[in-house]
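Q: Please take a close look at one part of this model, and then follow the parts around it.

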Amino acid sequence: MSKSPLTLYLAAPRGFCAGVDRAIKIVEMALEKWGAPVYVRHEIVHNKFVVDGLREKGAVFVEELSECPDDRPVIFSAHGVPKSVPNAAQARNMVYVDATCPLVSKVHIEAQRHADAGLQMIMIGHEGHPETVGTMGQLPDGEVLLVETPQDVATVTVRDPQKLAYVTQTTLSIDDTADIVAALNARFPAIVGPHKEDICYATTNRQEAVKAMAPKCDAMLVVGAPNSSNSKRLVEVGSRAGCSYAQLVQRADDIDWRALDGIKSIGITAGASAPEVLINEVIDAFKSRYDVTEELVETAIENVEFKVPRVLRVPA
Ligand code: 0CN
Ligand code: SF4
């Protein structure tokens, strides 16, 4: 039977960002330098395939520092950690490497700087997400107020409306965040915002590419994990930009072929923590069922790279 024709739109940029690339390299280099086991607090990035691969090489993933022995190195995930975590590692004389993305660390510094200037902090983020927990944990418990929606802005109780600043999670929806920032500015005209956007370049670029691609597609798949904030945002952006079927898939096995019955075009992208092999696996699954014509939807070119910490650049 001949295959039906299918236009496969591929978003660019998609997949790994510089912070994810660096975090994974940090674990690999730590394993080379110190041998196994190396402990990693939280999934280094939110992707099961990446985590399983590193586990095979000798990484041990835990949720809390208390689960690590004193005498093995520990790495903190790309999402960042509350200040109490490196403090506890230091108190135990542990060797630790912080794989927090430099763009998350930048937000941590911002929060501290505002607090030092006497401003009360508001964080725009998702409750319980490790990055939000880490950023809020740069200041003492209860010091940072969390808002998730414009409704939260309407009800939040602040100490002094004249002395306020906000920071955001790096992986939020650009459009939803703009609405929350507008609500903050309307209710608290004196509030101080970031010098430059806290939402990172990778989140911004992936959402932009999806906006350009979604209206062309009968369906759209985002390769990424269910706990990956930036990947989930790409699904929402795709739906809102006019693609009636937008789904998250971890890999080709997750594709619901019946739901895709009759499509003439598919859009594919991937969250910042999804490796290219999984994207290729999904593309190949389409190629085996359809007569595929590939088209790139490229809205930006990325050339960001982050260095690994110095301790890993010198031999043991
Ligand atoms: O999927 P990730 O590991 O994390 P979130 O999107 O859930 O924050 O991607 C890397 C992003 C960071 C930090
Ligand atoms: Fe850093 Fe952005 Fe990547 Fe998160 S998504 S690791 S903030 S570059």
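At 1.5 Å a residue, what should the 13 residues of helix α8 span, and where does the distance between its end C-alpha atoms stand against that?

A: This is a predicted model, in which local features need pLDDT of at least 70 and side-chain atom pairs count only at pLDDT 80 or more, while totals for chains, interfaces and linings use all residues. Residues are numbered from 1 along each chain as its sequence is written, chains are lettered from A and ligands numbered from 1 in the order in which they are written, and side-chain values use heavy atoms, with hydrogens and water left out.

Helix α8 covers residues 201–213 and should span 18 Å, and its end C-alpha atoms are 18 Å apart, in agreement. The expected span is 1.5 Å times one less than the number of residues. Helices (H or I, at least four residues) and strands (E, at least two) are DSSP runs, numbered from the N terminus. Buried residues of α8 (under 20% relative accessible area, 1.4 Å probe, protein chains only) include Y201, T203, R206 and M213.

T203 leads to T171, since contact means heavy atoms within 4.5 Å. Beyond its neighbours within four places in sequence, T171 touches E131, T203, S229, N230 and R233. T171 sits in the loop between β8 and α7, and counts as buried because its relative accessibility is 12%. Its side chain makes polar contacts with those of Q169, at 3.3 Å, and S229, at 3.1 Å. A polar contact is a pair of N or O atoms within 3.5 Å; within protein, one must be able to donate a hydrogen and the other to accept it, and residues adjacent in sequence count only if both atoms are side-chain atoms.

T171 and S229 are also among the residues around ligand 1, as are H79, N230 and S273; near means a heavy atom within 4 Å. Polar side-chain atoms lie 2.8 Å from a ligand 1 oxygen in the case of H79 and 2.7 Å in the case of N230. For S273, a side-chain N or O atom is 2.6 Å from an oxygen of ligand 1.

On the strand side of that loop, β8 belongs to an open, parallel sheet of three strands ordered β7-β6-β8. β7 (144–147) and β8 (164–168) are the edges, each with a single partner, so one side of each has no neighbour in the sheet. Strands pair if DSSP finds at least two bridges between them; β6 (residues 120–124) and β8 have five, and M123 stands opposite V167 in β8. On the helix side of the loop, α7 (residues 174–187) lies across β6, β7 and β8, at about 150° to β6. Such angles run from 0 to 180 degrees between N-to-C directions of lines fitted to C-alpha atoms, for helices over the stretch in contact.

How values were computed
Buried < 20%, exposed > 50% of the residue type's maximum accessible area, 1.4 Å probe, protein only.
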